[in-house]
Amino acid sequence: MSKTKEFFDNFAAKWDEVNRYDRSDADFRRLVAKLGLHEGSKVVDLGSGTGVLIPYLVEAVGNSGMVWAVDVSEKMLSHLSRKFPKKNIKTVPVAAEGLSSIGTGFDAVICFSTFPHIDDKPLAIKEISKVLKAGGRFLIAHFSSRKEINDFHADLPEPICHHVLPDKDKMEELLLNAGFKITSFTDEPLKYELLAVTTKSGTRDSGFGTRKPVNRDS
Ligand SMILES: C[S@@+](CC[C@H](N)C(=O)[O-])C[C@H]1O[C@@H](n2cnc3c(N)ncnc32)[C@H](O)[C@@H]1O
(Lines give C-alpha, C1' and ligand atoms only; values in the text may rest on other atoms or scores of the structure.)
Protein backbone atom coordinates (compact mmCIF):
# COMPACT_ATOMS: atom_id res chain seq x y z
CA MET A 1 0.00 0.00 0.00
CA SER A 2 1.39 3.44 -0.86
CA LYS A 3 2.16 5.71 2.07
CA THR A 4 -0.21 8.35 0.65
CA LYS A 5 -3.12 5.94 0.46
CA GLU A 6 -2.36 4.73 3.99
CA PHE A 7 -2.28 8.32 5.26
CA PHE A 8 -5.66 9.20 3.75
CA ASP A 9 -7.26 5.85 4.67
CA ASN A 10 -6.29 6.55 8.28
CA PHE A 11 -7.84 10.01 8.10
CA ALA A 12 -11.07 9.05 6.33
CA ALA A 13 -13.28 8.63 9.40
CA LYS A 14 -12.38 12.06 10.76
CA TRP A 15 -11.80 13.87 7.46
CA ASP A 16 -15.03 15.89 7.52
CA GLU A 17 -14.28 17.01 11.07
CA VAL A 18 -10.66 18.07 10.55
CA ASN A 19 -10.88 19.38 7.00
CA ARG A 20 -13.49 22.11 7.01
CA TYR A 21 -13.44 24.63 4.19
CA ASP A 22 -14.72 27.92 5.47
CA ARG A 23 -16.43 28.67 2.15
CA SER A 24 -19.96 29.35 0.98
CA ASP A 25 -22.04 27.37 -1.51
CA ALA A 26 -21.46 30.24 -3.94
CA ASP A 27 -17.68 29.70 -3.75
CA PHE A 28 -18.06 26.00 -4.60
CA ARG A 29 -20.55 26.73 -7.38
CA ARG A 30 -18.23 29.33 -8.88
CA LEU A 31 -15.46 26.71 -8.97
CA VAL A 32 -17.68 24.05 -10.55
CA ALA A 33 -19.00 26.57 -13.12
CA LYS A 34 -15.45 26.70 -14.55
CA LEU A 35 -15.93 23.14 -15.77
CA GLY A 36 -18.66 24.22 -18.23
CA LEU A 37 -20.91 21.32 -17.24
CA HIS A 38 -24.50 20.98 -18.42
CA GLU A 39 -27.42 18.59 -18.05
CA GLY A 40 -26.10 15.15 -19.07
CA SER A 41 -22.36 15.88 -18.64
CA LYS A 42 -19.91 13.25 -17.38
CA VAL A 43 -17.42 14.58 -14.85
CA VAL A 44 -14.63 13.08 -12.76
CA ASP A 45 -13.92 14.32 -9.23
CA LEU A 46 -10.32 13.12 -8.97
CA GLY A 47 -9.24 12.77 -5.34
CA SER A 48 -12.83 13.20 -4.25
CA GLY A 49 -12.16 12.32 -0.63
CA THR A 50 -15.44 12.12 1.27
CA GLY A 51 -17.19 14.22 -1.37
CA VAL A 52 -17.06 17.91 -0.53
CA LEU A 53 -17.69 18.76 -4.21
CA ILE A 54 -20.28 16.09 -4.90
CA PRO A 55 -23.48 18.12 -4.25
CA TYR A 56 -22.28 20.88 -6.60
CA LEU A 57 -21.18 18.49 -9.33
CA VAL A 58 -24.45 16.53 -9.15
CA GLU A 59 -26.37 19.79 -9.37
CA ALA A 60 -24.36 20.84 -12.44
CA VAL A 61 -24.82 17.61 -14.43
CA GLY A 62 -28.50 17.15 -13.60
CA ASN A 63 -30.41 13.88 -13.43
CA SER A 64 -29.15 12.61 -16.77
CA GLY A 65 -25.47 13.29 -16.03
CA MET A 66 -22.95 11.22 -14.09
CA VAL A 67 -20.32 12.04 -11.50
CA TRP A 68 -17.34 9.69 -11.06
CA ALA A 69 -15.81 10.04 -7.61
CA VAL A 70 -12.30 8.66 -7.99
CA ASP A 71 -9.90 8.24 -5.10
CA VAL A 72 -7.01 5.99 -4.16
CA SER A 73 -8.50 5.65 -0.67
CA GLU A 74 -11.37 3.16 -0.49
CA LYS A 75 -12.10 4.40 3.02
CA MET A 76 -12.67 7.97 1.80
CA LEU A 77 -14.98 6.60 -0.89
CA SER A 78 -16.98 4.48 1.51
CA HIS A 79 -17.81 7.60 3.53
CA LEU A 80 -18.74 9.38 0.31
CA SER A 81 -21.10 6.57 -0.72
CA ARG A 82 -22.82 6.62 2.65
CA LYS A 83 -23.28 10.41 2.46
CA PHE A 84 -24.43 10.48 -1.16
CA PRO A 85 -26.37 7.36 -2.10
CA LYS A 86 -27.65 8.87 -5.40
CA LYS A 87 -27.71 6.67 -8.47
CA ASN A 88 -25.77 9.02 -10.72
CA ILE A 89 -22.61 8.94 -8.60
CA LYS A 90 -20.05 6.19 -9.24
CA THR A 91 -17.25 5.63 -6.76
CA VAL A 92 -14.07 4.19 -8.23
CA PRO A 93 -11.09 3.25 -6.05
CA VAL A 94 -8.27 3.85 -8.50
CA ALA A 95 -5.22 6.08 -8.49
CA ALA A 96 -4.95 9.03 -10.86
CA GLU A 97 -2.02 7.19 -12.45
CA GLY A 98 -4.47 4.51 -13.64
CA LEU A 99 -7.41 6.78 -14.40
CA SER A 100 -8.01 5.59 -17.96
CA SER A 101 -9.33 2.30 -16.55
CA ILE A 102 -12.62 4.15 -15.93
CA GLY A 103 -13.23 4.76 -19.64
CA THR A 104 -13.17 7.76 -21.95
CA GLY A 105 -15.42 10.54 -23.25
CA PHE A 106 -15.57 12.67 -20.10
CA ASP A 107 -16.47 16.35 -20.33
CA ALA A 108 -14.29 17.45 -17.43
CA VAL A 109 -11.97 16.38 -14.63
CA ILE A 110 -11.61 18.40 -11.44
CA CYS A 111 -8.73 17.82 -9.06
CA PHE A 112 -9.56 19.76 -5.93
CA SER A 113 -7.03 19.92 -3.07
CA THR A 114 -5.42 16.77 -4.45
CA PHE A 115 -2.83 17.41 -7.17
CA PRO A 116 0.20 17.80 -4.81
CA HIS A 117 -0.53 14.33 -3.37
CA ILE A 118 -0.33 12.48 -6.69
CA ASP A 119 2.95 10.54 -6.79
CA ASP A 120 3.51 10.31 -10.54
CA LYS A 121 2.22 13.63 -11.88
CA PRO A 122 3.39 13.28 -15.52
CA LEU A 123 1.65 9.90 -15.79
CA ALA A 124 -1.50 11.14 -14.06
CA ILE A 125 -1.82 14.11 -16.43
CA LYS A 126 -1.45 11.80 -19.43
CA GLU A 127 -4.18 9.56 -18.00
CA ILE A 128 -6.44 12.58 -17.45
CA SER A 129 -5.91 13.62 -21.06
CA LYS A 130 -6.88 10.11 -22.21
CA VAL A 131 -10.21 10.09 -20.40
CA LEU A 132 -11.29 13.53 -21.64
CA LYS A 133 -13.10 14.11 -24.90
CA ALA A 134 -11.77 16.66 -27.41
CA GLY A 135 -12.03 20.08 -25.80
CA GLY A 136 -12.50 18.51 -22.37
CA ARG A 137 -11.59 20.64 -19.37
CA PHE A 138 -9.17 19.88 -16.55
CA LEU A 139 -9.25 22.08 -13.46
CA ILE A 140 -6.70 21.97 -10.64
CA ALA A 141 -7.98 24.03 -7.74
CA HIS A 142 -7.23 24.90 -4.13
CA PHE A 143 -8.63 27.43 -1.72
CA SER A 144 -5.01 28.51 -1.09
CA SER A 145 -2.14 29.88 -3.13
CA ARG A 146 0.66 27.55 -4.26
CA LYS A 147 2.93 28.96 -1.54
CA GLU A 148 0.26 28.53 1.15
CA ILE A 149 -0.28 24.89 0.13
CA ASN A 150 3.40 24.01 -0.06
CA ASP A 151 4.14 25.71 3.29
CA PHE A 152 1.19 23.92 4.91
CA HIS A 153 2.25 20.50 3.64
CA ALA A 154 5.87 21.05 4.66
CA ASP A 155 4.79 21.08 8.33
CA LEU A 156 2.74 17.86 8.13
CA PRO A 157 3.99 14.32 8.85
CA GLU A 158 5.41 11.89 6.26
CA PRO A 159 4.67 11.45 3.42
CA ILE A 160 2.65 14.69 3.06
CA CYS A 161 5.62 16.91 3.96
CA HIS A 162 7.11 16.00 0.56
CA HIS A 163 3.95 16.74 -1.44
CA VAL A 164 4.30 19.91 -3.49
CA LEU A 165 2.39 21.78 -6.12
CA PRO A 166 4.93 22.43 -8.90
CA ASP A 167 5.58 25.94 -10.20
CA LYS A 168 3.75 27.30 -13.22
CA ASP A 169 6.56 26.53 -15.72
CA LYS A 170 6.65 22.90 -14.61
CA MET A 171 2.87 22.62 -14.75
CA GLU A 172 2.88 24.10 -18.24
CA GLU A 173 5.50 21.58 -19.37
CA LEU A 174 3.59 18.63 -17.88
CA LEU A 175 0.32 19.77 -19.46
CA LEU A 176 1.80 20.52 -22.89
CA ASN A 177 3.43 17.07 -22.95
CA ALA A 178 0.02 15.52 -22.38
CA GLY A 179 -1.77 17.55 -25.06
CA PHE A 180 -3.29 20.30 -22.91
CA LYS A 181 -3.18 24.06 -23.19
CA ILE A 182 -3.68 26.29 -20.17
CA THR A 183 -6.65 28.61 -20.68
CA SER A 184 -6.59 30.41 -17.34
CA PHE A 185 -4.32 30.53 -14.33
CA THR A 186 -4.66 32.22 -10.94
CA ASP A 187 -2.27 31.92 -8.03
CA GLU A 188 -2.99 34.39 -5.25
CA PRO A 189 -3.71 34.25 -1.51
CA LEU A 190 -6.55 31.77 -0.85
CA LYS A 191 -6.90 30.84 -4.52
CA TYR A 192 -5.08 28.56 -6.94
CA GLU A 193 -6.91 27.69 -10.14
CA LEU A 194 -5.38 26.21 -13.25
CA LEU A 195 -7.79 25.47 -16.07
CA ALA A 196 -6.52 23.49 -19.06
CA VAL A 197 -8.26 22.17 -22.16
CA THR A 198 -7.29 19.19 -24.30
CA THR A 199 -5.98 20.10 -27.72
CA LYS A 200 -6.53 16.66 -29.20
CA SER A 201 -8.64 16.55 -32.33
CA GLY A 202 -11.95 14.76 -32.55
CA THR A 203 -15.58 15.61 -32.43
CA ARG A 204 -16.08 18.25 -29.80
CA ASP A 205 -19.09 17.18 -27.86
CA SER A 206 -21.78 19.73 -27.16
CA GLY A 207 -21.72 21.72 -24.00
CA PHE A 208 -19.06 24.33 -24.48
CA GLY A 209 -20.81 27.54 -25.19
CA THR A 210 -23.91 26.22 -26.87
CA ARG A 211 -26.09 24.69 -24.18
CA LYS A 212 -27.49 26.47 -21.20
CA PRO A 213 -25.70 25.31 -18.03
CA VAL A 214 -27.89 23.73 -15.36
CA ASN A 215 -26.02 25.61 -12.68
CA ARG A 216 -24.09 28.77 -13.30
CA ASP A 217 -23.19 31.01 -10.45
CA SER A 218 -20.75 33.17 -12.29
C1 LIG B 1 -6.36 16.48 0.69
S2 LIG B 1 -7.48 15.21 0.22
C3 LIG B 1 -8.76 16.15 -0.62
C4 LIG B 1 -10.05 15.40 -0.68
C5 LIG B 1 -11.24 16.25 -1.23
N6 LIG B 1 -10.99 16.69 -2.58
C7 LIG B 1 -11.48 17.42 -0.31
O8 LIG B 1 -11.14 18.56 -0.69
O9 LIG B 1 -12.00 17.21 0.80
C10 LIG B 1 -6.64 14.43 -1.11
C11 LIG B 1 -7.35 13.20 -1.63
O12 LIG B 1 -6.63 12.70 -2.75
C13 LIG B 1 -6.54 11.30 -2.68
N14 LIG B 1 -5.37 10.89 -3.44
C15 LIG B 1 -4.07 11.03 -3.12
N16 LIG B 1 -3.29 10.56 -4.08
C17 LIG B 1 -4.10 10.11 -5.06
C18 LIG B 1 -3.89 9.52 -6.33
N19 LIG B 1 -2.66 9.28 -6.80
N20 LIG B 1 -4.97 9.19 -7.07
C21 LIG B 1 -6.23 9.42 -6.61
N22 LIG B 1 -6.49 9.97 -5.41
C23 LIG B 1 -5.44 10.33 -4.65
C24 LIG B 1 -6.48 11.00 -1.20
O25 LIG B 1 -6.84 9.68 -0.88
C26 LIG B 1 -7.43 12.05 -0.63
O27 LIG B 1 -8.75 11.58 -0.54
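Colleague: Ala, Val, Leu, Ile, Met, Phe, Trp, Tyr, Cys and Pro count as nonpolar, Asp, Glu, Lys and Arg as charged, and the others, Gly among them, as polar. How do the residues of the shell around the ligand divide?

Modeller: The model is a predicted one. There are 20 residues around the ligand, and Phe8, Gly47, Gly49, Ser73 and Ala96 come nearest. By residue class, the shell divides into eight nonpolar, nine polar and three charged.

Colleague: Which strands stand at the edges of the sheet?

Modeller: The sheet is open, has seven strands with mixed pairing, and follows the order S3-S2-S1-S4-S5-S7-S6. Each edge strand has a single partner strand, so one side of it is left without a neighbour in the sheet; these strands are S3 (89–92) and S6.

Colleague: By what angle are neighbouring strands of this sheet turned against each other on average?

Modeller: Strands of a sheet pair through backbone hydrogen bonds, either parallel or antiparallel. Here S1 and strand S2 (residues 66–70) run parallel and are joined by five bridges, with Leu46 opposite Val70 in S2. With direction ignored, the average turn between neighbouring strands of this sheet is 15°.

Colleague: Against which strands and which helix do the buried residues of H6 pack?

Modeller: Helix H6 spans residues 121–131, and its buried residues are Ala124, Ile125, Glu127, Ile128, Ser129 and Val131. The elements they pack against are strands S1 (42–46), S4 (106–112), S5 (132–142), S6 (180–188) and S7 (191–198), and helix H8 (168–177).

Colleague: At about what angle does H8 run to S6?

Modeller: S6 and H8 are both among the elements that the buried residues of H6 pack against. H8 lies across S6 and S7, and its angle to S6 is about 160°.

Notes: Residues are numbered from 1 along each chain as its sequence is written. This is a predicted model: local features need pLDDT of at least 70, side-chain atom pairs count only at pLDDT 80 or more; totals for chains, interfaces and linings use all residues. A residue is buried if 20 or more other C-beta atoms lie within 10 Å of its own, exposed if 12 or fewer, and partly exposed in between; C-beta atoms are placed from the backbone. Helices (H or I, at least four residues) and strands (E, at least two) are DSSP runs, numbered from the N terminus. Two residues are in contact if their C-beta atoms, placed from the backbone, lie within 7 Å. A residue is near a molecule or strand if its C-beta atom, placed from the backbone, lies within 6 Å of it. Two strands pair if DSSP finds at least two bridges between them. Axes are lines fitted to C-alpha atoms, for helices over the stretch in contact, and angles run from 0 to 180 degrees between N-to-C directions.
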